[in-house]
Amino acid sequence: MGTQNVCCKSGPGYASPLEAISGPKESLIYVTALYTGTGINKPDYLATVDVDPSSPTYSKVIHRTPVPNIGDELHHTGWNSCSSCHGDPSAQRRFLIAPALVSGRIHVFDTKTNPKAPSLHKVVEPEDILQKTGLAFPHTSHCLASGEIMISCLGDKDGNAKDIGFLILDSEFNVKGRWEKPGQGPLYGYDFWYQPRHKTMISTSWGAPAAFTKGFNLQHVSDGLYGRHLHVYNWPGGELRQTLDLDTGFVGSALSSNIIRFFKTDDGSWSHELSIPVKSLKVQNWILPELPGLITDFLISLDDRFLYFVNWLHGDIRQYNIEDVKNPVLTGQVWVGGLIHKGSPVVVVDDDGKTWQSDVPEVQGNKLRGGPQMIQLSLDGKRLYATNSLFSPWDKQFYPSLIEKGSHIIQIDVDTEKGGLKINKNFFVDFGAEPDGPSLAHEMRYPGGDCTSDIWV
């Protein structure tokens, strides 16, 4: 009888990805929005966007929750509880965790009390994190089934990528310590994902904060200040078991502009192979003779049928059918910005000498700025949202118009049967029209969870 009662109750999220697909349609999106790096002396904030087509404020920012300080660079976010806590009826998906990549602060927003108007619940100061762990530059946050929070940190206090690792906060958001075993930190940190069913956590690489916070410099790549490895950890033990050199899962290899498939082998180890190459384009009127796609974000639909990724510099969003994981098939592509659009000085030159530029349509009379950067997919897989800010120093370097005119969010309608992508001409969130001036929109989260934050155990 006791077991039956437990089974009849549930915690946050969904029992399975397929159950999540049938979940309610999103009506709100939370978005990190930045003034850091724009020249506007205002704090970054969490924006609430209305995405309900029946609402009079559809595709508008309806609330802004500023953080207390200036210069934080809010970046990625994660929940305090997700589907990994689904079996715990006492858990709530209430708090959104927002690390600040530059300042090192970690902000906790209460989204449950008033979902349309979140409030700031707590700030974890960088001095506390440094004193207890030696970690700085927090990036990606994931909830654990225990109720704790795990955050990847990319550097030490000076921005060097040495002795880095993973921060653990307890359920009250107090600094608890580090997750990985001593001496088992990754070569470089970035995003990570844990999969209890395989007793594995995999961490990706970006670079040394001392390098990437200054903008992109090719010499830093030659100097070995950017990573190129996947780090395979035992879960939940924290032992580094394997390092894969990137010279079934997928990873975006940004600088080489490839999608890499990694997979478990018969002996229990992990291997990888090139899955989807994105060819650099020969161009005129750019700083280099070839323009890489620069894959900056990707995701997989909850039914594991489609993979989506963006080319921030080329300016396109792609959809691939991955039902045959070894042979992805391009099923949709849409141009929504980039450096090679019509009217830009940058021109693509094909092998036969012919030149071309992409045709990027306007949305509600607005020219699309920058390139597609962060994406988020609806639970049912039918709506794909895209922002266009990567990181303020890089925005300023590659797309200076973003600093001047602000960022935006667009929505892509998805054909989930045969595949296909189409811009929704009725949806445009203009962060260039914000009350305090143009801001930069980065990562998006739904109050009810999404395919890039929910983990099933």
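Is aspartate 380 buried, partly exposed or exposed? In this predicted model, aspartate 380 is partly exposed, with a relative accessible area of 27%. The cut-off for a buried residue is under 20%, and an exposed one has over 50%, so the value for aspartate 380 falls in between. The side chain of aspartate 380 meets that of arginine 383 in a salt bridge, with N and O 3.3 Å apart. Arginine 383 counts as buried, at 10% relative accessibility. The pair belongs to a network of salt bridges that links Glu26, Asp380 and Arg383.

Across the whole structure, a search finds 22 salt bridges. One of them joins lysine 132 to aspartate 128, and their closest N and O atoms are 3.2 Å apart. Both residues lie in helix α3, which covers residues 126-133. They are four residues apart, about one turn of the helix. Aspartate 128 counts as partly exposed, because its relative accessibility is 26%. Another salt bridge joins the side chains of arginine 445 and glutamate 443, at 3.4 Å from N to O. Here both partners are buried: arginine 445 has 3% relative accessibility, and glutamate 443 has 7%.

The nonpolar interior was examined next. In soluble globular proteins, nonpolar side chains tend to be buried together. The largest nonpolar core of the model has 39 residues. Those with the most contacts inside this core are Trp206, Phe212, Trp286, Trp312, Leu313, Trp394 and Phe398. Several elements each supply at least two residues of the core. Among them are the strands β1 (28-34), β5 (95-99), β8 (136-143) and β19 (281-284). The helices α4 (209-212), α6 (392-398) and α7 (400-405) also do so. The largest share, three residues, comes from β1.

Tryptophan 394 shows how parts of the chain meet. Residues up to four places away in sequence are not counted here. Tryptophan 394 then touches Trp206, Phe212, Gly215 and Phe216. Its other contacts are Tyr226, Leu294, Trp312 and Tyr399. A second, separate core has 26 residues. Its members include Ala20, Ile317, Leu384 and Ile410.

Nonpolar side chains also occur on the surface. Leu218, Val221, Ile287 and Leu288 form a nonpolar patch there. Together they have about 340 Å² of accessible area. Leucine 218 lies in helix α5, residues 218-222. At 46% relative accessibility, leucine 218 counts as partly exposed.

Strand β2 (residues 45-50) is largely enclosed by the rest of the structure, because six of its six residues are buried. Both faces of β2 are covered. Tyr45, Ala47 and Val49 are buried on one side, and Leu46, Thr48 and Asp50 are buried on the other. β2 pairs with β1 in the antiparallel sense over six bridges. In this pairing, tyrosine 30 stands opposite threonine 48 in β2. β2 also runs antiparallel to strand β3 (residues 61-66), to which five bridges join it. Here the bridge partner of tyrosine 45 is proline 66 in β3.

Strand β13 (residues 200-203) is likewise covered on both sides. Thr200 and Ile202 point one way, Met201 and Ser203 point the other way, and all are buried. Four bridges join β13 to strand β12 (residues 192-195), and the two run antiparallel. Tryptophan 193 stands opposite isoleucine 202 in β13. β12 and β13 form a hairpin with four residues between them. In the turn, lysine 199 has a positive phi of about 55 degrees. Four bridges also join β13 to strand β14 (residues 229-234), again antiparallel. Isoleucine 202 has valine 232 as its bridge partner in β14.

Serine 203 gives a closer view of this region. Its place is in strand β13. Serine 203 is buried, with a relative accessible area of 0%. Neighbours within four places in sequence are left aside in its contact list. Serine 203 is then in contact with Phe166, Pro186, Asp191 and Phe192. His229, Leu230, His231 and Tyr233 are also in contact with serine 203.

How values were computed
Residues are numbered from 1 along each chain as its sequence is written. This is a predicted model: local features need pLDDT of at least 70, side-chain atom pairs count only at pLDDT 80 or more; totals for chains, interfaces and linings use all residues. Side-chain values use heavy atoms; hydrogens and water are left out. A nonpolar core is a set of buried Ala, Val, Leu, Ile, Met, Phe, Trp, Tyr and Cys residues joined through side-chain atoms within 4.5 Å. Buried means under 20% relative accessible area, exposed over 50%, partly exposed in between (1.4 Å probe, protein chains only). Contact means heavy atoms within 4.5 Å. Patches are made of residues with over 30% relative accessible area and no salt bridge: like charges are joined within 9 Å, nonpolar side chains (Val, Leu, Ile, Met, Phe, Trp, Tyr) within 5 Å. Accessible areas come from the Shrake-Rupley method with a 1.4 Å probe; for residues, only the protein chains shown count as cover. A salt bridge is a side-chain nitrogen of Lys or Arg within 4 Å of a carboxyl oxygen of Asp or Glu. Two strands pair if DSSP finds at least two bridges between them.
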